[in-house]
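User: Please take a close look at one part of this model for me, and go through what packs around it. I'm at the bench, so keep it informal.

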Amino acid sequence: MPELPEVEALKDFLTEHLTGHEIVRVLPVAISVLKTYDPPVTAVEGREVTAVRRYGKFLALATDGGPYLVTHLARAGWLQWRDPLPGGPPRPGRGPLALRVALETGAGFDLTEAGTQKRLAVYVVADPGEVAGIARLGPDPLADDFDERRLADLLAGERRRIKGALRDQGLIAGVGNAYSDEILHAARMSPYKPAGSLTPEETTRLYEALRTTLAEAVERSRGVAAGRLKAEKKSGLRVHGRTGEACPVCGDTVREVSFSDSSLQYCPTCQTGGRLLADRRLSRLLK
């Protein structure tokens, strides 16, 4: 799933390639991708893109005098830049193509989605705040005003485990499954630690890990072409998706806990005092 660093890199890429250009066609291939109908998707056609903005994991294209084209790539969506776009209209079918945006230059981009769970979403709205997912977003963890005190206030009274709290877009915007694993590894913290129980020292570690992990990932992604961002993300991960490999910090074996539709990875030595966390499919966690 694209998270804050990849979406930030896509924002920078699209700012460079879209700003000042006219959208001549928007071609929905999978009608299910459109989550709004008034104004219609054609309302952005014939308009110049004036800015590209990121809201958590959402991307919003602002058009001159017109509505925003907002997208959320969800779990398996992606943006593929094409210069030039293929000739002729795309064919509806079972392929991954969901929507195509064409510019006056002949270039443009495709929104694609792999798999059978179609969750990629496109909205055409007068203001991004009209999108419910954007309206409920918590603060951006890389914003200038997101300081350690704010993180402490957000976590105060939280009864959830820290892994789940970090992934809650209403609490903190932009962090998903992969980077929550990376942040907690950097903070030397169990993913199952109750979020409201952090000491001041632990809050400091978590805050520094949160900001540093995301900022470093953004820097690694900056300037990378859209088509290579997935590979760049994977190459920079230390524990997520690396079950069975050696932890790059201590050399212990990276372990996994599986859920019905996802999994987490962690290092026992770095994060849980050497204790293994029980797989929730079989039993409750070991504290």
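Analyst: Let's start with Thr272: leaving aside its neighbours within four places in sequence, it is in contact with Ser190, Tyr266, Cys267 and Leu277, contact meaning heavy atoms within 4.5 Å. Before going further, this is a predicted model, where local features need pLDDT of at least 70, side-chain atom pairs count only at pLDDT 80 or more, and totals for chains, interfaces and linings use all residues. Residues are numbered from 1 along each chain as its sequence is written, and side-chain values use heavy atoms, with hydrogens and water left out.

Back to Thr272, which sits in the segment after α8. Helices here are DSSP runs (H or I, at least four residues), and strands are E runs of at least two, numbered from the N terminus. Is Thr272 buried or exposed? Its relative accessible area is 5%, so it is buried (under 20% is buried, over 50% exposed, in between partly exposed, with a 1.4 Å probe and protein chains only). Its side chain also reaches the backbone oxygen of Arg275, at 2.4 Å.

Now step across to α5, because α8 (268-271) is among the elements that cover its buried residues. The others include α1 (4-18), α4 (162-167), α6 (200-221), α7 (229-236) and β10 (263-266). Helix α5 itself spans residues 177-186, and nine of its ten residues are buried, so you can call it mostly covered. The buried ones are Asn177, Ala178, Tyr179, Ser180, Asp181, Glu182, Ile183, Leu184 and His185. Just after the helix, Arg188 takes a positive phi of about 55°.

How do α5 and α6 sit against each other? Their axes are 8 Å apart and the packing angle is about 125°; axes are lines fitted to C-alpha atoms over the stretch in contact, and angles run from 0 to 180 degrees between N-to-C directions. The two helices are therefore oblique to each other (under 35 degrees is roughly parallel, over 145 roughly antiparallel, 65 to 115 roughly perpendicular, and the rest oblique). On the α5 side, the contact uses Tyr179, Glu182, Ile183, Leu184 and Ala186. From α6 come Leu206, Ala209, Leu210, Thr213, Leu214, Ala217 and Arg220. Sorted by class, that makes nine nonpolar, one polar and two charged residues (Ala, Val, Leu, Ile, Met, Phe, Trp, Tyr, Cys and Pro are nonpolar, Asp, Glu, Lys and Arg charged, the others, Gly among them, polar).

α6 has another partner in α1. The axes of α1 and α6 come within 8 Å and cross at roughly 40°, so this pair is oblique. α1 brings Leu4, Pro5, Glu8 and Ala9 to the contact, while α6 brings Leu214, Ala217, Val218 and Ser221. The class count for α1 with α6 is six nonpolar, one polar and one charged. Notice that Leu214 and Ala217 turn up in the contact with α5 and again in the contact with α1.

One last stop on α6 is Ala215, which lies in that helix. Its relative accessible area is 33%, so Ala215 counts as partly exposed. Measuring C-alpha to C-alpha in the model, Ala215 and Pro28 are 34 Å apart in space, with their places 187 residues apart in sequence.

Methods
A polar contact is a pair of N or O atoms within 3.5 Å; within protein, one must be able to donate a hydrogen and the other to accept it, and residues adjacent in sequence count only if both atoms are side-chain atoms.
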